[in-house]
Amino acid sequence: MAIAIERNSPPVRSGAFGPQWDLGDEEIEELIDVIRAGKLSRLGGTKVIQFEKEFAAQQGVKYAQAVTSGTAAVHTAVGVIDPNPGDEIITTSITDFGTVIGILYQNAIPVFADINPATGNLDVNDVAAKITPRTKAIVLVHLFGNPGDLTPLIELARAHNLFVVEDCAQSQLAEYKGRPVGSWGDIGCFSFGGKHMTTGDGGMVVTNRDDFSDRLKWFTDKGNPRQPVYEHNYLAPNYRMTDLQGAVGLAQLKKVGAAVAKKQWAANQLSEVITSERGLSLQTVLPEARHSYWVYAFHMDPTRFRVPANQFAAALQAEGVPANAPYLVYPIYKYPALAQKRTYGTSGFPWTYPGVGRDIDYGSLSLPGCERFLETAIVMPMNPSYSERDVEHFGIAIRKVAAHYRVK
Ligand SMILES: Cc1ncc(COP(=O)(O)O)c(C=O)c1O
């Protein structure tokens, strides 16, 4: 266990912080309705359907389909786009593995573009450089709640006839040019696992496209339109959210705006600390964007401190405030599932599918922006329960650790 950095100095914070979500009577009331109705499934229940309607209204989109996780949401988005095996989908490697699982399950090939290490989001120029005749879509992630540069990315996609999927698992209620993220591309995906709001696990897929609305419903329900006859039109999973989750989702949805506002308030306080500390810098937010701070990230210049980011974060933990670095042990293309192509038995699918047409070797891939990001970023959880005193403790701990380790 790490020890607070100055001998004989007590840690800045000794007590625990409050919960990640505001869960209470509202969720319990909704759940009681479901149990009393005796209809726990989406099929026959009312809560998931109501949750979808209210989610769509909050996002300002035409269609919303609830699913079992953020991973299921991205899989559904790819399933709706319906690539051919071997089609390529460009995405980021600074993300949860859930961003690429659905790409692989649909036998498409993830192609990783670099990021801008200051924003954590896809670098549009590198995305452009990675487009081939086989590219079908771009899946962008608004990292930590920080909106990516949507206008140039969508323009690039339109010029090449590509779909745009926004992975908004971390960025519910973040905004770009005054409109929530998720409604800018062709499809938006959300997660209700450990994110801004929770249904235990869960997710949502949204779109404004009328031509996607049927497939969006059916892909989450075994390819079964149910009406007029019960049949299975194509291969698809069962990703139906239960009405128990829908009930919690309805109550959480009413609270998520306040939760995000609180995190934005806390983040703004921390940003004042970071900007006043030599060697530390903010995660860059585009002027036309509004970050929703699933977590708060800042960067340390490794040449200005005597320790790397992971030790800086460990010292913050020893001071009693939660912090984590690196965000991922390495960019996700280095995970064995990708680097060693561990997918379907020993087949090496989808990369060995004869229609792929080129060798993809993630093991030899090097994306300097991603590596730089992981080397410098320190991540702190943001909770709606934070009080002024809590945020003050974060700030004091950051100043103390920075002063202790800064190269004079
Ligand atoms: C960017 C991103 N995409 C997808 C997912 C997958 O969501 P879930 O964990 O709900 O499956 C996550 C989860 O951390 C995520 O952060």
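How many of the five residues of strand β5 (residues 163-167) are buried? Five of the five are, so β5 is largely enclosed by the rest of the structure. Keep in mind that this is a predicted model.

**View 1. Strand β5 and its two faces.** Here's the close-up of the strand from the opening question. F163, V165 and D167 point one way from β5, while V164 and E166 point the other way. Whichever way they point, all of these residues are buried, and that goes for D167 and E166 as well as for F163, V164 and V165.

**View 2. The strands that pair with β5.** On one pairing, strand β4 (residues 135-141) runs parallel to β5, with five bridges between them. To find your way in, look for V141, whose bridge partner in β5 is D167. Strand β8 (residues 187-191) also runs parallel to β5, this time joined by three bridges. Here the residue to pick out is E166, which has G188 of β8 as its bridge partner.

**View 3. From β4 over a helix to β5.** Add helix α6 (residues 150-159) to the picture and you get a β-α-β unit made of β4, α6 and β5. The unit is right-handed.

**View 4. An open sheet of three strands.** The strand order is β7-β6-β11, and the pairing is antiparallel. β7 (179-180) and β11 (289-290) sit at the edges with a single partner strand each, so each has one side without a neighbour in the sheet. Zoom in on strand β6 (residues 175-176) and you'll see two bridges linking it to β7 in the antiparallel sense. One pair to click on is E175 and its bridge partner in β7, P180.

**View 5. Helix α2 against helix α8.** Helix α2 (residues 47-59) packs on helix α8 (residues 243-275) at an angle of about 35°, and the two axes are 8 Å apart. The crossing of α2 past α8 is left-handed. On the α2 side, the contact is made by K47, V48, Q50, F51, E54, F55 and Q58; α8 brings in D243, G246, A247, G249, L250 and L253. Sorted by class, that contact is a mix of six nonpolar, four polar and three charged residues.

**View 6. The buried residues of helix α11.** In α11 (residues 368-376), the buried residues are G369, C370, F373, L374 and T376. What do the buried residues of α11 pack against? Their neighbours here are β12 (295-300), α9 (309-318) and β13 (377-381).

Conventions. Residues numbered from 1 in each chain as written. Predicted model: local features only at pLDDT ≥ 70, side-chain atom pairs only at ≥ 80, totals over all residues. Axes fitted to C-alpha atoms, helices over the stretch in contact; angles between N-to-C directions. Helix = DSSP H or I, 4+ residues; strand = E, 2+ residues; numbered from the N terminus. Left-handed = near helix turned anticlockwise from the far one by under 90°. Contact = placed C-beta atoms within 7 Å. Nonpolar A, V, L, I, M, F, W, Y, C, P; charged D, E, K, R; others polar. Buried ≥ 20, exposed ≤ 12 C-beta atoms within 10 Å, placed from the backbone. Pairing = 2+ DSSP bridges. Right-handed = clockwise from strand over helix to strand, strands pointing away.
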